[in-house]
Amino acid sequence: MEETLPGAPTPDDRDERVVLHVDMDCFYASCERLKEPELAGDPVVVGMGYEPGETIGAVATASYEAREFGVESAQPISGALERLPRVADADPADPDAPDPAESGHYRPVDMAFYKEVASTVKGVLHDAADTVREVSIDEAYLDVTDRTSWETGDGSGDAPLAEGLARHVRERIEREAGVPASVGVAPNMATAKVASDYDKPEGLTVVEPGEAADFLAPLSVSDIHGVGPVTASDLAEMNIETAGDLAAADPADLEARFGSRGREFHERANGRDDREVTPAGRPKSLSRESASRTGDADTQRERVRALAADVAERARSRGAMYRTIGVKVVRPPFDVNTRADSLPGPVDDPDLVEEVALDLLEEFAGESVRKLGVRVSNLSFAAEEQATLGGYEGVAAGDASAATAAEPTGEGTDDGAPRRALSGDATLDEWADEGDTDAERERRRRRRGQVDLGEFE
């Protein structure tokens with residue numbers, strides 16, 4: 001009889017778990033198309049360290065259309081240009097110039113904008129699940145076991161309820177953030193990750209309990225989470241080329257060759273993975289945004305009130321207090337503005353979040369906006385004495401001496417006086433900080449068409 005360690009998940013527990021892996025499709029290129037809709041359907045290459053007209057830098061991501069020409073992530077821009085010339089250099093009247101039909105659009109990395117889009121995606125993910133593990137700017141795991149199940153809607157053999165939730169998440173990302181995503185659904189993290197990559201772009205692949213091993217069997221061994229090119233080559237020397245081969249291999253032989261990782265590979269190839277979805281760290285901030293294309297001041301204030309209430313409730317549910325309260329106002333087409341006020345100390349006060357957010361919104365009263373957001377940051381999870389409201393009220397009442405220039409860190413002044421961020425983008429980067437990113441470099445971005453910019457640092 002197989003023994004189980006105390007506290008370990010039972011097979012039934014594992015089967016009941018519902019995990020989503022959300023992976024954005026060529027995220028940076030998708031963001032560039034969001035800025036320039038006319039790029040839709042054309043090859044797009046985003047370069048790290050690239051400047052328009054230059055040949056230096058490396059490919060951060062290539063759209064699927066660009067990849068058909070042999071452009072790959074992490075490739076030098078000079079090499080990419082040999083396979084896919086720039087549209088700007090094409091001239092149908094010049095026989096020596098590149099063919100416009102075989103040319104692409106090259107753009108430099110615009111990380112501030114990508115974070116702006118990512119913050120909207122994260123808002124959707126945190127709405128959909130109580131437990132979210134953000135792996136990078138464009139990838140996350142969600143444990144939605146408490147929100148859905150593997151049961152069918154009416155017991156007649158229809159798709160499981162989990163598939164409906166996953167479809168809802170994908171469609172909300174498309175609708176609210178404007179970029180495509182692929183979603184994998186499975187009883188565990190490792191299988192869900194493979195599933196999200198199975199039918200890109202805009203894929204939705206569901207692997208129900210008991211089906212993981214059969215789903216994985218025909219796939220290349222390199223598709224198993226954690227198996228990189230070197231390990232795949234070593235496995236090939238053992239005549240192990242598919243996930244099915246790996247699942248059927250003797251785990252003792254694998255452990256002798258690869259150590260504890262060998263047994264882990266064997267488990268994952270068999271569709272087993274006992275890891276729980278856990279946040280990568282406590283969030284640095286909590287925010288909520290809403291598309292709000294309106295110039296009516298009263299409508300804007302009502303939406304900010306709703307966002308403020310939601311953010312404050314999320315902070316309270318996580319046991320978080322906050323020292324900084326801010327708003328984000330995006331004016332058409334993508335003019336992003338952020339404003340923030342810091343308090344003398346941490347508070348948990350929904351009314352104050354609303355008061356400060358509405359006060360900050362006044363600067364944009366009646367202007368046309370396409371999106372509004374409210375954010376609390378400088379979070380504290382320890383039991384601390386809360387600040388009194390008087391510290392903020394002094395500034396809100398118009399004490400200009402207490403307000404200073406932009407504060408990129410969101411911290412207050414040394415003497416505890418609150419400060420307002422006056423610069424339009426001083427706190428923009430922080431809007432995408434909800435949850436620390438995981439430094440999981442084993443992700444095989446090259447195969448999926450995008451590398452983490454950290455790989456170039």
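These are my notebook entries on salt bridges in this structure, which is a predicted model.

Entry 1, overall count. I searched the whole structure and got 31 salt bridges. I then went through some of them by residue.

Entry 2, Glu65 and Arg33. I found a salt bridge between Glu65 and Arg33, with 2.9 Å between the closest N and O atoms. Glu65 sits in helix α3 (residues 64-67) and Arg33 in helix α2 (residues 27-35), so this pair links distant parts of the chain, 32 residues apart. I looked up the accessibility of Glu65: the relative accessible area is 24%, and the residue is therefore partly exposed.

Entry 3, Glu134 and Lys122. Here the closest N and O atoms are 3.2 Å apart, and the two residues form a salt bridge. I placed Glu134 in strand β5 (residues 131-136) and Lys122 in helix α5 (residues 111-128); the pair therefore ties together parts 12 residues apart in sequence. Buried or exposed, I asked of Glu134 and Lys122? Both Glu134 and Lys122 are buried.

Entry 4, Glu367 and Arg331. The side chains of these two residues meet in a salt bridge at 2.7 Å, N to O. Glu367 is in the loop between α14 (350-361) and β12 (369-377), while Arg331 is in strand β10 (residues 322-331), so the bridge ties together parts 36 residues apart in sequence. I noted Glu367 as partly exposed because its relative accessible area is 28%. Arg331 also counts as partly exposed, at 21% relative accessibility; the cut-off for buried is under 20%.

Entry 5, a network. I also noted a network of salt bridges that links Asp127, Arg172, Glu176, Arg288 and Asp310.

Key
Residues are numbered from 1 along each chain as its sequence is written. This is a predicted model: local features need pLDDT of at least 70, side-chain atom pairs count only at pLDDT 80 or more; totals for chains, interfaces and linings use all residues. Side-chain values use heavy atoms; hydrogens and water are left out. Helices (H or I, at least four residues) and strands (E, at least two) are DSSP runs, numbered from the N terminus. Buried means under 20% relative accessible area, exposed over 50%, partly exposed in between (1.4 Å probe, protein chains only).
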